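The following exercises introduce a protein structure to a reader who meets it here. Each task is followed by a solution that proceeds step by step.

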Amino acid sequence: MGRLSVNLCGIALDNPVIPASGTFGFGYEFAELYDINCLGTFSFKGTTREARFGNPTPRIAEAPSGLLNAVGLQNPGVDAVIAHELPALAKVFHKPVMANVSGFSVEEYVEVCRKLDAEAQVGWLEVNISCPNVHGGGMSFGTDPKAAAEVTAAVKKVTTKPVIMKLSPNVTDIVAVARACEDAGADGISLINTLMGMRIDLKTRKPVIRNVTGGLSGPAVFPVALRMVYQVAGAVKIPVVGLGGVSSAEDVIEMMLAGASAVEVGAANLVEPYACRNIIDALPSVMDRYGISELQDIIGGAR
């Protein structure tokens with residue numbers, strides 16, 4: 001175990017840096033730029049039961065200190081991911097990968113998780129419960145503790161690998177949702193997903209994004225994410241993965257002091273493709289600057 005090493009739900013990571021789902025494709029695209037085995041792991045593109053083209057364009061808009069996106073879970077579907085994406089990834093990435101799962105019903109979450117759980121290269125299942133519950137009035141599973149618990153319990157029945165529930169920040173009490181997931185058997189929690197926002201084009205006087213609203217990510221959301229990670233890490237006994245606006249080695253350390261066992265990097269990858277590699281390279285010197293011997297020792301240190 002090196003000084004950057006951490007443990008996430010029983011699986012050792014060489015370092016805590018994890019590219020977030022939706023910002024790193026299926027990995028092999030970035031492998032053309034650098035050796036992605038330097039990463040702790042990465043969370044691949046959100047996967048649903050059926051192939052999805054996503055939302056109509058334009059679906060990206062810039063914002064001060066961040067960006068808005070309404071991509072709409074564009075992906076080839078779980079069967080194509082298993083048949084094509086994972087074999088291509090296996091050629092360039094030789095560590096367990098985090099599978100990000102999305103769904104629009106409990107049954108869909110269960111089916112996708114069951115299929116991905118059977119894949120040898122999948123180490124964790126990151127279950128995104130920010131999706132609308134089409135059988136529950138369109139409300140996101142992640143906004144209701146009971147619905148979040150229902151998805152968690154159902155997925156746990158068909159999986160053998162660690163299940164990490166990814167939470168939405170667009171709630172009144174994120175701690176209640178996290179506790180509900182923990183009580184239902186979750187092995188970990190990741191947070192936060194994007195905050196809802198919008199932009200208006202002054203020339204057309206209409207929303208920039210065709211979908212009207214989108215998810216805000218980037219440095220603008222970091223203080224909100226840090227607060228929520230701190231709150232949730234103090235309320236649950238399972239590991240927490242912190243994400244939201246992380247763009248530097250200092251941000252990684254701050255997230256870990258708040259209670260994160262590992263840290264995901266999202267929008268920064270879209271601005272600087274080498275962001276995660278650069279953060280990993282910078283961590284030892286930043287640790288030295290702040291008198292940190294091993295990262296594992298600082299988790300939750302802000303308490």
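The exercises below concern a predicted model.

**Exercise 1. The open sheet**

Determine the order of the strands in the open sheet of 7 strands, and state which are the edge strands.

Solution.
- Step 1. Reading across the open sheet, the order of its 7 strands is β3-β15-β14-β9-β8-β7-β6, and the pairing is parallel.
- Step 2. The edge strands, each of which pairs on one side only, are β3 (17-19) and β6 (97-101).
- Step 3. On average, and with direction ignored, neighbouring strands of this sheet are turned by 25° against each other.
- Step 4. A helix can now be placed: α3 (residues 145-156) lies across β7 (122-128) and β8 (163-166). Relative to β8, helix α3 runs at about 160°.

**Exercise 2. Strand β15 and its partners**

Describe how β15 pairs with β14 and with β3, and decide whether its residues are buried.

Solution.
- Step 1. Strand β15 (residues 262-265) is joined in the parallel sense to strand β14 (residues 240-243) over 3 bridges.
- Step 2. For this pair, G242 has V263 of β15 as its bridge partner, and L243 stands opposite E264 of β15.
- Step 3. Strand β3 also runs parallel to β15, and 3 bridges join them. Here V17 has V263 as its bridge partner in β15.
- Step 4. As for burial, both faces of β15 are covered. A262 and E264 on one side are buried, as are V263 and V265 on the other.

**Exercise 3. Two packed helices**

Characterise the packing of α5 against α6, and then the surroundings of α6.

Solution.
- Step 1. Two packed helices are described by the angle between their axes and the distance between the axes.
- Step 2. For helix α5 (residues 222-233) and helix α6 (residues 249-258), the angle is about 30° and the axes are 8 Å apart.
- Step 3. Angles under 35 degrees count as roughly parallel, and therefore α5 is roughly parallel to α6.
- Step 4. From α5, the residues F222, A225, L226, V229, Y230 and A233 make the contact, and from α6, D251, E254, M255 and A258.
- Step 5. These contact residues divide into 8 nonpolar, no polar and 2 charged.
- Step 6. Helix α6 is mostly covered, with 7 of its 10 residues buried. The buried residues are A249, D251, V252, I253, M255, M256 and A258. Their cover includes β1 (6-8), β3, α5, β14, β15 and α8.
- Step 7. After α6 comes G259, whose phi is positive, near 130°.

**Exercise 4. The largest nonpolar core**

Identify which residues of the largest nonpolar core touch the most other members, and which helix contributes its largest share.

Solution.
- Step 1. In soluble globular proteins, nonpolar side chains tend to be buried together.
- Step 2. In this model the largest nonpolar core has 89 residues, of which L8, I129, M165, L167, L191 and L295 touch the most other members.
- Step 3. Helix α8 (residues 275-289) supplies the largest share of this core, 7 residues.
- Step 4. L295 serves as an example: not counting residues up to four places away in sequence, L295 touches R3, L4, V6, P16, I253, M256, L283 and M287.

**Exercise 5. A hairpin**

State how β4 and β5 pair, and which side chains of β4 are buried.

Solution.
- Step 1. β4 and strand β5 (residues 66-69) are antiparallel, pairing over 4 bridges. In β5, N69 is the bridge partner of I60.
- Step 2. The hairpin of these strands has 2 residues between them, and S65 takes a positive phi near 60°.
- Step 3. Side chains alternate along β4: A61 and A63 point to one face and are buried, whereas I60 and E62 point to the other and are not.

**Exercise 6. Two loop residues**

Classify N55 and T213 as buried, partly exposed or exposed, and list their contacts beyond four places in sequence.

Solution.
- Step 1. N55 lies in the loop between β3 and β4 (60-63). Buried means under 20% relative accessible area, and N55 has 19%, so N55 is buried.
- Step 2. Beyond its neighbours within four places in sequence, N55 is in contact with A70, V71, G72 and N211.
- Step 3. T213 is in the loop between β12 (206-207) and β13 (214-217). With a relative accessible area of 30%, T213 is partly exposed.
- Step 4. Setting aside its neighbours within four places in sequence, T213 is in contact with A70, M196, G197 and M198.

Definitions and conventions: Residues are numbered from 1 along each chain as its sequence is written. This is a predicted model: local features need pLDDT of at least 70, side-chain atom pairs count only at pLDDT 80 or more; totals for chains, interfaces and linings use all residues. Side-chain values use heavy atoms; hydrogens and water are left out. Two strands pair if DSSP finds at least two bridges between them. Axes are lines fitted to C-alpha atoms, for helices over the stretch in contact, and angles run from 0 to 180 degrees between N-to-C directions. Contact means heavy atoms within 4.5 Å. A nonpolar core is a set of buried Ala, Val, Leu, Ile, Met, Phe, Trp, Tyr and Cys residues joined through side-chain atoms within 4.5 Å. Buried means under 20% relative accessible area, exposed over 50%, partly exposed in between (1.4 Å probe, protein chains only). Angles under 35 degrees count as roughly parallel, over 145 as roughly antiparallel, 65 to 115 as roughly perpendicular and the rest as oblique. Ala, Val, Leu, Ile, Met, Phe, Trp, Tyr, Cys and Pro count as nonpolar, Asp, Glu, Lys and Arg as charged, and the others, Gly among them, as polar.
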